[in-house]
Each structure stands twice: as structure tokens, then as C-alpha cells.
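Trainee: I'd like to practise matching labels to numbers. Can we take a structure and go through it together?

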Amino acid sequence: MAFASSAVANGIFFSAKNNKPFVSYAIANDHNAKRTTAKQLPVQHVNKKAMSSSILKLPSSISNLLHLHLSAHQEVVYPPRTTNSCFPIQNEIPSCSPKDDISSLQPALHGRNDWSPVLEPLHPYVRRELIKYGELAQATYDAFDNNPLSKYQGSCLYCRNRLLPALGLSHHGYFVTKYIYATTHAHLLHWLVRPFFPSRWSDDSNWMGFIAVSGDEESRRIGCRDIAVAWRGTVSPAEWIEDLQGKLEHLPQAPDDVRVEHGFLSMYTSRSPTSRFTRSSASEQVMPELLRLVELYKKRGEEVSVTITGHSLGGALALLNAAEAGSLLPKDVAVKAISFGAPRVGNEEFGDMLRRDGVKVLRVVTKQDVVPKVPGLFFNEGLNRTGWEWIYEHVGEELELDARASPYLKNGVVDIAGFHGLETYLHLVDGYDRAEGGFRAGARRDVALVNKASGFLREELSIPANWYQPENKGMVRNKFGRWVLSGRDPEDIPSPCTANAYDVSSSVM
């Protein structure tokens, strides 16, 4: 089998025959499980394919280079597979799908049931929930201050109470209870933003996400009190891929053979005694809050679920968080991780531990995205593990998307950032019905969002590339008529006091 060499430096391998990514992965519990429809239970397994003798291994250091019992599930009529012609964009149609009451399906959507029957074809309720969690993950990018001239670079632009409303996400029905920070020390040199102006707000901490709780109305709709944790990915995936070493290390408080990637674990567990925001690690910030919220709502007699989500690097942190939550939270609390474009995190024994603890994992991946294929070998799944140190295993079930299915995206291009972008993922989820069904004509999510931070949309749509930015790039006129960089409202200035959790019982839900 021959491979083109033009993209090898970026860690991507293409078939010389059709210039398409050569490797894609099936469901990630390393059994290459074949997804079934709702009428095909249990899931049928297929034999693993014989491995080619010419296995390509990444360099030793990558630095050189995420059946419902569906009595209510109606028969779905699928549109024909799309051609290269764009669907017309209906700018007069609301971009949000209706919020149906899905409480009767709670055990399947927010519990421990097998997801595979509702992935192929993709049940409309599952699609909407995936977009909801994906948009919570996207909020961690949209609210991140990445302006190198800002005195608050590396922080969140908004206080907790304003975060979701400011981003137009109030309709999801969640309220934020706590922010999560990570340190930029130690092994994270290029993975997180270092403020351009040291010691302005914090020279060694970055805002990494938040914990939010479903309000009363949303909890009734989904059938449980849902505690969501959203983890931010890196603003530059290429940087952390370059720094990523294939080093598996023991996961604390886990069996001796459970190992995870060194850099991800370091970010999740590192502290900085000189920072007011990261004197405790990200793990030590998030777990006490989860335990507190679970206890609060269980005392009220409510059923509680925990959903941990993230994109790219955030998906890796989400999986580590889910592993810890699965081991520490009460066993009657459903814990699930939903990741988008996430890399591999640990070895086979790490996946076994998640399954033993009842943690459900759903990975949404795009065929053309390289990030889910690292770290480790491109042919990582299915290898004989004896004597190998680079053997990583994906865990959980997989929903695989194909960028070629969308009539709105550019064809015949290799756009690494476009393939990996979370907005591209959400666009493809919105258009997905089934693997061979093409892009559904009823997709409603705003197509323009794909170009927020990319130029992946077809030019005839007339949507500018990288259009998402503050008005006038943050410049405002002061009282003297001079243009200056805007400041922040006092409530939006990062403070370790406001970063702490508040009393949920007194909040408006």
C-alpha cells in the first residue's frame, strides 16, 4: 500500500490512489464493533482485519512533526445522498430545533444503556442533545480571552452568571456554578496561553471550562437533574500535538496497570502554589463541586446524571474527569463523557476501568480529522500489545462523521483546522442521519457558524472566513474621543473569589 508523503509531517497519511485519509476507526472499545440499527440487537461483532506488514509508526516523539426502547421513534424518511450542489440557506427559519420532552427516554439518553442502537440511524433526540453539549463545549472557546494585548488574556470574558446568556445559550436551560482553571507550569509550555503581560491577572493560570446544572424546566424535559462539565480545548491543536510525547504513566488511585498520557494527566492534576486560581489542580477544583451538587440534588430525591464534554484536548480532559467521577460518585449516578475530535487518552486497562465503573463514553469523530488518531500508532487499535509502549486505546462508542457528506463544505481540499473545528463537527452532527444517508435536508443549525474560525465553507455561500471577533477588535472610543482597547465590567474581571462555587439552593433556576 502506497502513501502520499505531503502530509506526513503533520501526522496524516493519505492513500495515493484517492488522496483520502487511509485510516479510520470503528467503535473504540477495541472490538471494532459493528453498529446496528434499532432492530438489530445485540450489537454484532466482526472479525478484526489482518494488519498490513507495513505499519507506519509516528516518530518516537510527536514533537517532531473526541435500542432506545423507542416506542415513540417514528420511521425516518431519508433524503437522497447529496450532490455537490448546496442546499439553499433558509435564513428565515429558526436555527434551533424544537425542545421535545424526552423524559421518557431518560434511561437511554442519560443513563447506562447502550447507545449504539440510537446512533445508526441517529435518533433526532440524540442529535439535539449532542448539539447541546457540543455548544456548551464551544462556549469555552467563544468566551476565552485570547487577545495577547488584553490584561486578562487567558481568562474568561464573562462572569458565571453572564457566560451562557452572553453567548446566546440561555435556551439550553443550564446555569453555571463554578469555573475551572489549569496551570501553565511544568509540562504544558505550549498547550495553554501564557499572558503577554505577566502578573496582570495571573501569569500562570488559564480558564479551562465550567460546571453547569440544568434548571428545573430543562430537568423536567430530560427526566433528570443533569450536571454538565465543559472542558476547553487548546486554541492551537498543532502546538500540543507537537509537544505530545508517547509516554503513558500510571493513573493515581487506579490499578497498577492503568495508564494514561503523561501530558493530559499533568494538566489535569498540576498545581501552582503562586497562583490564586490554581493552588488546587483542575481535578481538585471540579470533583468537590461535583460531589457537592450530587449530594444536594440527591437529598432532594432527584435522579442525577453527570455529563462531561469537551473538544480536542478538552475531550481528553473530559475523559480523565469522567474516570475520576466514575470512581468517586455514588454508583446510582449516571456518568457519561461526550467528546468531539478527542485524541486517545490511555491504554486498554484504562478503558476496562471505565467500563467497570459504569462510565459511558461517546466519541464523535470526523473521518478526515487527524487528532483522534494520536497519540500512538495510526494502526493502534488491534495490535498485539506485548512489548509496546505506544499502545493507546480509544474507549466507548463512536459516531463517525464524514466532511464529504456536507454540500456546504469545500470539496477536494485538505483543511486540517477545518476538519478538526468544533463548529464543523456540530454542522456535521446536525446533518447526520446515517452513515450512507448523505446530509439531511432538514438540518437547521446555522451554516455560517462553520466559518467562525475557519474558511471551510464553499465560497458561493458568501460567508467570510474567520468572521467571529469582537466588534472593532475590542477598540472603543473613550470620553475624550480616542480609540482605546475596551476594559471589562467589574463583574467580569477574573477573581478567585467569584470562581468559587455558590449556593445553588439560592439561585434562580
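Trainee: What makes Glu423 and Arg445 buried or exposed?
Mentor: This is a predicted model, so keep in mind that we're reading computed values. The cut-off for buried is under 20% relative accessible area, and both Glu423 and Arg445 are buried.

Trainee: Why is the contact between Glu423 and Arg445 called a salt bridge?
Mentor: Check the distance: N to O is 2.8 Å. The limit is 4 Å, so the pair passes. The two also link distant parts of the chain, as Glu423 sits in helix 11 (residues 422–430) and Arg445 in the loop between helix 11 and strand 14 (475–477), 22 residues apart.

Trainee: How do you know that Glu423 and Lys452 meet in a salt bridge?
Mentor: Their N to O distance is 3.0 Å, and that is within 4 Å, so the name fits. Lys452 lies in the loop between helix 11 and strand 14, 29 residues from Glu423. Lys452 is buried, and so is Glu423. Through shared partners, salt bridges join Glu135, Asp142, Glu423, Arg445 and Lys452 into one network.

Trainee: What makes Arg355 and Asp352 a salt bridge?
Mentor: Their closest N and O atoms are 2.7 Å apart, which is within 4 Å, so yes, that counts. Both belong to helix 9 (residues 348–356), three residues apart, so about one helical turn separates them.

Trainee: Why is Arg355 called partly exposed?
Mentor: Its relative accessible area is 38%. Partly exposed runs between 20% and 50%, so Arg355 fits. Asp352, at 27%, is partly exposed too.

Trainee: And how many salt bridges are there by this rule?
Mentor: The count comes to 26.

Note on methods. Residues are numbered from 1 along each chain as its sequence is written. This is a predicted model: local features need pLDDT of at least 70, side-chain atom pairs count only at pLDDT 80 or more; totals for chains, interfaces and linings use all residues. Side-chain values use heavy atoms; hydrogens and water are left out. A salt bridge is a side-chain nitrogen of Lys or Arg within 4 Å of a carboxyl oxygen of Asp or Glu. Helices (H or I, at least four residues) and strands (E, at least two) are DSSP runs, numbered from the N terminus. Buried means under 20% relative accessible area, exposed over 50%, partly exposed in between (1.4 Å probe, protein chains only).
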